[in-house]
Amino acid sequence: METKEIMLVCAAGMSTSLMVNKMQKAAEEKGLSANIFAVPVPEAENYLANHQVDVVLLGPQVRYLLDGFKEKLAPSSTPIDVIPMTDYGMMRGDKVLEFAESLMQ
């Protein structure tokens, strides 16, 4: 099975790193091979310029950057969206993983 690259973009990374752990646990429970990681906004553009990812999820706190990221990712057709606020706030890694999977289909 191909490993899915799931990138979360956040302001600083504290709460998002917790989300990464919860999503990784949910992926393991589902038998999904996934590399789930978080990067702060300043590093995200550079990372995307040099690496291929399967989906980009923005933390709710940086949702205002969605249009700019969509523009940058348009040539690659990489799906991007904002993590639903409720799932993020309640740290529902399983729900955020399902959201990421739905974007990759």
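Me: How many bridges pair β3 and β4, and in which sense?
Reply: They pair over 3 bridges, in the parallel sense. Two strands count as paired if DSSP finds at least two bridges between them. Strands (E, at least two residues) and helices (H or I, at least four) are DSSP runs, numbered from the N terminus.

Me: Is this a predicted model, and what should I know about it? I mean, which cut-offs apply?
Reply: The model is predicted: local features need pLDDT of at least 70, side-chain atom pairs count only at pLDDT 80 or more, and totals for chains, interfaces and linings use all residues. Residues are numbered from 1 along each chain as its sequence is written, and side-chain values use heavy atoms, leaving out hydrogens and water.

Me: Back to β4. Which residue there partners Leu57?
Reply: Asp81 is the bridge partner of Leu57.

Me: And on the β1 side, what partners Val9?
Reply: Leu58 in β3. β1 (residues 4-10) and β3 (residues 55-58) run parallel, joined by 4 bridges.

Me: Where do the β3 side chains point, and are they buried or exposed?
Reply: Val55 and Leu57 point one way, Val56 and Leu58 the other, and all are buried. Buried means under 20% relative accessible area, exposed over 50%, partly exposed in between (1.4 Å probe, protein chains only).

Me: What's the strand order in the sheet?
Reply: β2-β1-β3-β4, in an open sheet with parallel pairing. β2 (34-40) and β4 (80-82) are the edge strands.

Me: Which hand is the β-α-β unit of β3, α3 and β4?
Reply: Right-handed. That means the path from the first strand over the helix to the second runs clockwise, with the strands pointing away from the viewer.
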